[in-house]
2 protein chains.
Amino acid sequence: MRLSINRSRLLKLLTIVNVAIGPKSPTPAFLNFKLEMTNGGLVALGSDNDLTIQSYLPIEEDGKVIISDYTCGSTLISAKYLMEIIKRLDGEIVTIEIFDDVIVRISDNKSNFQLNSMKAEEYPDLDLSILGEDVAFKADEFKKIVAQTSFAASTKEIRPILTAINVKATGEGAEFVATDSYRLAKKKIDIFTHPFESNIPVKAVNEVAKLIENEDVVLNISNNKVVFEFGTTKVYSRLINGDFPKTSRMIPNSYPYNLQVNGAKFINAMQRVSLLAVERERIVKLSLSDQGVEVSSKSEQVGSANEAIDLYEYEGGRFDISFNVDYVTDAIRAVQSEDVILSFAGEMNAFRVTAVGDDSIVQIITPVRNYY
Amino acid sequence: MRLSINRSRLLKLLTIVNVAIGPKSPTPAFLNFKLEMTNGGLVALGSDNDLTIQSYLPIEEDGKVIISDYTCGSTLISAKYLMEIIKRLDGEIVTIEIFDDVIVRISDNKSNFQLNSMKAEEYPDLDLSILGEDVAFKADEFKKIVAQTSFAASTKEIRPILTAINVKATGEGAEFVATDSYRLAKKKIDIFTHPFESNIPVKAVNEVAKLIENEDVVLNISNNKVVFEFGTTKVYSRLINGDFPKTSRMIPNSYPYNLQVNGAKFINAMQRVSLLAVERERIVKLSLSDQGVEVSSKSEQVGSANEAIDLYEYEGGRFDISFNVDYVTDAIRAVQSEDVILSFAGEMNAFRVTAVGDDSIVQIITPVRNYY
C-alpha cells in the first residue's frame with residue numbers, strides 16, 4: 001500500500017473517523033485507524049466496537065486530483081500518532097507507504113516518520129451490513145431534533161436505557177423522547193415512514209449532529225443497529241436493548257398556573273439569583289401571584305437574592321415552586337423560542353416548558369420541595 | 001458605608017485586586033475584599049498574606065462621575081460572591097450599602113442581593129509602608145524582562161529560592177536571573193540606580209506584568225518586601241529569603257560548536273519530531289556536521305522521526321546532543337529574535353541560546369544523555 005494525498009483532505013477524513021476511537025480499549029486494534037487504499041479511493045475506519053465510523057476520499061473530486069501514485073492495500077495505524085503527525089506536517093502533500101507489512105512511513109518534503117503498524121487482518125470483524133429501511137432527514141431538521149432532546153438523556157450508565165433517545169414512528173408521524181428521570185424532552189415530527197421503535201444511544205446521535213454539515217442524513221434502523229449515512233460517511237451504532245420508560249406518566253394532564261415570559265431574560269434572572277444558592281445547589285424559587293413574578297434564593301451561610309421579572313403574562317392564583325436552574329435553562333433554550341410558557345400543575349408536580357406557537361416540542365421538569 | 005458606582009469600573013477594580021486573593025485561606029478574612037469608601041474614592045484591597053494588591057477608583061474622572069450618593073465607611077465582602085454578582089448584573093450603576101454592620105445589600109434596578117459581610121476591623125493588619133528607593137520602568141520594558149526570564153524559574157516549592165527572580169543592581173546596570181536548576185535565563189538592562197540584590201517571587205512579577213497596561217511601573221524594594229506601583233494600583237509582595245545560587249557556574253566559558261537557525265522553523269521541526277519521543281518524553285536529538293543539521297527522535301514502542309533543518313549556518317565538527325524540546329522552545333521564544341544562535345560546549349555541557357544581535361539576553365539549558 002502506498003499513496004500521496006492532499007494533507008488537509010486526509011486530516012478532515014481522519015478527524016471524522018477518529019470520533020469513534022476512544023483513548024483506551026481492551027482491544028489494541030481499536031486504537032488504530034483501519035486504512036484501505038482501493039482503486040476507488042481511500043477508505044478510513046475507526047471504532048470502539050459500540051460506535052463505528054467509516055468514511056472515504058475519492059481519487060479525484062471535481063476534476064482535482066486528491067490521491068496520486070497509489071498502490072492498493074490496507075493497514076492499521078495508531079490513530080493518536082497519525083492524527084498528530086498529519087496535523088503538524090507542513091507540506092501540502094503527504095506520502096504514506098507500508099514497508100515489511102508492519103512499518104509505515106509518513107513523509108512530506110521535510111519530515112519523515114516511521115511508525116510501527118499492524119496488519120489489517122488483525123482488526124476485529126465488524127458487521128457493516130445495512131439491512132433496514134431508510135428514513136431521510138434534512139441536516140437542519142436532524143440537528144434541531146437532537147438539540148431539542150438529547151441533553152435530557154442521562155449521562156450515567158446505571159440505567160443504560162436512559163442514555164438513549166427513544167424514537168417511535170407510528171406511520172402517522174414520529175416522536176423523539178429523552179429523559180434522565182428528572183426531566184424529559186419530547187419532539188414530534190411529521191414524517192411518514194414504516195412503524196418502528198428504537199432506543200438510539202444519545203452519544204451516536206450527538207456525534208452525528210456534530211459531524212454533518214449541510215448534507216441530508218439517512219437513518220437506517222434494523223434489529224440491533226442504526227446506520228447514519230451522510231456524504232461519504234457512515235456512522236454505525238448498536239441500539240440499546242430494553243423497554244424505554246412509559247414517559248406519559250411523567251406528564252400532568254392539566255396546568256392551572258401558566259406563566260409566559262421572555263426566555264432569555266428569564267434565564268438571566270434565574271442565573272443571577274442562583275449565585276447565592278449554595279447549600280441547595282442551583283435551586284431557586286419562583287413566586288407567582290397577581291402582584292408580580294419573582295425568582296429568589298436563600299442561603300444561611302452566604303445571604304439571599306431576589307429579582308422581579310418585569311415582562312410577563314400570568315394566569316393562576318398565588319403559587320410558589322422551586323427547581324434546578326440548569327434544568328429550566330436547558331429546557332428554555334431547547335424550545336428555541338423568544339417567548340416561552342411555563343405551565344404548572346402543583347407545587348410537587350412536574351411542570352412543562354413550551355414555545356409560544358410551536359407544540360412540536362415539550363419539556364417536562366420535576367420540581368424540588370420549597371425550602372423557605 | 002453606601003455608594004452608587006459605575007458597574008464596569010467597579011468590576012475592573014475588583015478584578016485587579018482579586019488577583020491577590022486565593023481560593024482558600026486559613027484566615028477567612030483573606031477570602032474577602034476589603035472595601036473602604038473615603039471622600040477621595042473607593043479603595044479596594046485583596047491579599048493572601050504573601051501578595052497584597054490595593055487599588056482605587058476616584059469619585060470623578062475627567063469630569064465624569066464614577067461614584068455618587070456615598071457615605072464613608074469600610075467593610076469586608078466575600079470576593080467570590082461579589083465578583084460573580086458584579087459580573088452578572090445588568091445595570092450600568094450598582095448600589096452597595098451596609099446594614100447592621102454585617103449585611104451588605106448590592107442592587108441595580110432589577111436585582112437585589114443581601115450578602116453576609118464582616119466588619120473591616122476583622123481584617124489582619126498588613127504592613128503597607130513604602131520605605132525603599134524607587135526604580136522606574138516603562139511598561140513594555142518591564143513586560144519584556146518578565147517574558148524573557150520568569151518562565152525559567154521553578155514552579156516547585158521544594159527550593160523556595162528558585163521560585164524567585166534574582167535582581168541585582170550594581171550601580172552600572174542590573175541583571176535579572178531565573179533558574180529551576182535545569183535551565184537559566186539572564187537579562188541585563190542599562191539602569192542606573194543604587195546597588196541592591198533581591199529575590200522577588202516570580203508569581204508577583206508575573207501578575208504585575210499581566211496587570212499593567214501602558215503605565216510606567218515603579219519598583220520599590222526594601223529589606224523584606226517589594227512594592228510595584230502603577231496607575232492607581234499598588235502590588236505588595238514579600239521577598240524570598242536566602243542566597244540565590246551562584247549561577248555563573250552553570251555557564252560554560254567557550255563554545256566550539258555554533259549553529260544559527262530561524263527560531264520559528266527550528267521550533268516547528270523539533271515539535272514535530274518530538275511527537276514520537278514517548279519513552280523519553282519530549283527528548284529529541286540534534287545532529288550537527290558539515291553535511292547537514294537534523295533533529296530526530298526514536299521510540300522502541302512507536303517508531304522514529306527525523307527532519308533536516310534546511311536554512312542554517314554551522315561552525316564546528318560532527319556533534320550530537322539531546323535535550324528537552326520544551327526547554328529549547330521556551331528559550332528560543334524568550335530571546336525574541338527571528339534568527340537565534342545555539343552554542344554548544346560539549347555533549348554533556350550546558351548550552352546557550354542567544355539572539356542574533358542582542359547580547360542582553362542569554363538562555364542556558366542542561367542537555368540529557370544521548371539515548372541512541
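Which residue is the bridge partner of A:F344 in β27(A)? The answer is A:F351, and panel 3 comes back to that pair. These legends all describe a predicted model.

**Panel 1. Chain B meets chain A through 29 residues on each side.** Between them, the two chains bury about 2,600 Å², with 48% of that area on carbon and sulfur atoms. If you want to know where to zoom in, try B:R88, B:R272 and B:L275: this trio supplies 25% of the area that chain B buries against chain A, more than any other three residues. On the polar side of things, 18 residue pairs are in polar contact between chain B and chain A. The elements of chain B that give two or more residues to its side of the interface are α2 (79-88), β11 (111-116), α5 (263-273) and β23 (303-308). Sorted by character, the residues on that side come out as 12 nonpolar, 9 polar and 8 charged.

**Panel 2. Two arginines of chain B, B:R272 and B:R88, each take part in a salt bridge.** Side chains of opposite charge can pair when their charged atoms come close. Here B:R272 reaches over to A:D90, with N to O at 3.8 Å. The rule finds 2 salt bridges across the interface of chain B and chain A, while a search of the whole structure gives 36 over all chains. B:R88 pairs within its own chain: its partner is B:E84, and the closest N and O atoms are 3.9 Å apart. Those two sit about one helical turn from each other, because they are 4 residues apart in helix α2 of chain B.

**Panel 3. Chain A has an open antiparallel sheet of 9 strands.** Reading across, the order is β16-β13-β14-β15-β28-β27-β26-β20-β24. At the edges you'll find β16 (196-201) and β24 (312-315) of chain A, each pairing on one side only. From one strand to the next, the twist averages 15°. Inside this sheet, β26 (residues 339-344) and β27 (residues 351-355) of chain A run antiparallel and share 5 bridges. This is where A:F344 finds A:F351, its bridge partner in β27(A).

**Panel 4. Helices α3 and α5 of chain A pack against strands of chain A.** Helix α3 (residues 139-149) lies across β13 (164-169), β14 (174-179), β15 (183-189) and β28 (358-365), and runs at about 160° to β15(A). Helix α5 (residues 263-273) of chain A packs on the sheet too, touching β20 (257-262) and β26 of chain A. The direction of α5 makes about 95° with that of β20(A).

**Panel 5. Another open sheet of 9 strands takes strands from chain A and chain B.** Follow it in order: β7(A)-β1(A)-β9(A)-β10(A)-β11(A)-β23(B)-β22(B)-β21(B)-β25(B), with antiparallel pairing. Its edge strands are β7 (67-71) of chain A and β25 (319-324) of chain B, each paired on one side only. The twist averages 15° from one strand to the next. For the crossover between chains, look at β11 (residues 111-116) of chain A, which is joined to β23(B) by 5 bridges, the two strands running antiparallel. One pair to pick out there is A:Q114 with B:S304, its bridge partner in β23(B). Over in chain A, strands β9 (residues 93-99) and β10 (residues 103-107) are also antiparallel and joined by 5 bridges. In that pairing, A:T95 stands opposite A:S107 of β10(A).

**Panel 6. Helices α5 and α6 of chain B pack on the two-chain sheet.** α5(B) touches β11 of chain A as well as β21 (283-289), β22 (292-299), β23 and β25 of chain B. Its direction makes about 25° with that of β22(B). Helix α6 (residues 325-335) of chain B touches β21 and β25 of chain B, and its direction makes about 90° with that of β25(B).

How values were computed. Residues are numbered from 1 along each chain as its sequence is written. Chains are lettered from A and ligands numbered from 1 in the order in which they are written. This is a predicted model: local features need pLDDT of at least 70, side-chain atom pairs count only at pLDDT 80 or more; totals for chains, interfaces and linings use all residues. Side-chain values use heavy atoms; hydrogens and water are left out. Contact means heavy atoms within 4.5 Å. Buried area is the accessible area (1.4 Å probe) that two parts lose on being put together, summed over both. A salt bridge is a side-chain nitrogen of Lys or Arg within 4 Å of a carboxyl oxygen of Asp or Glu. A polar contact is a pair of N or O atoms within 3.5 Å; within protein, one must be able to donate a hydrogen and the other to accept it, and residues adjacent in sequence count only if both atoms are side-chain atoms. Ala, Val, Leu, Ile, Met, Phe, Trp, Tyr, Cys and Pro count as nonpolar, Asp, Glu, Lys and Arg as charged, and the others, Gly among them, as polar. Two strands pair if DSSP finds at least two bridges between them. Axes are lines fitted to C-alpha atoms, for helices over the stretch in contact, and angles run from 0 to 180 degrees between N-to-C directions.
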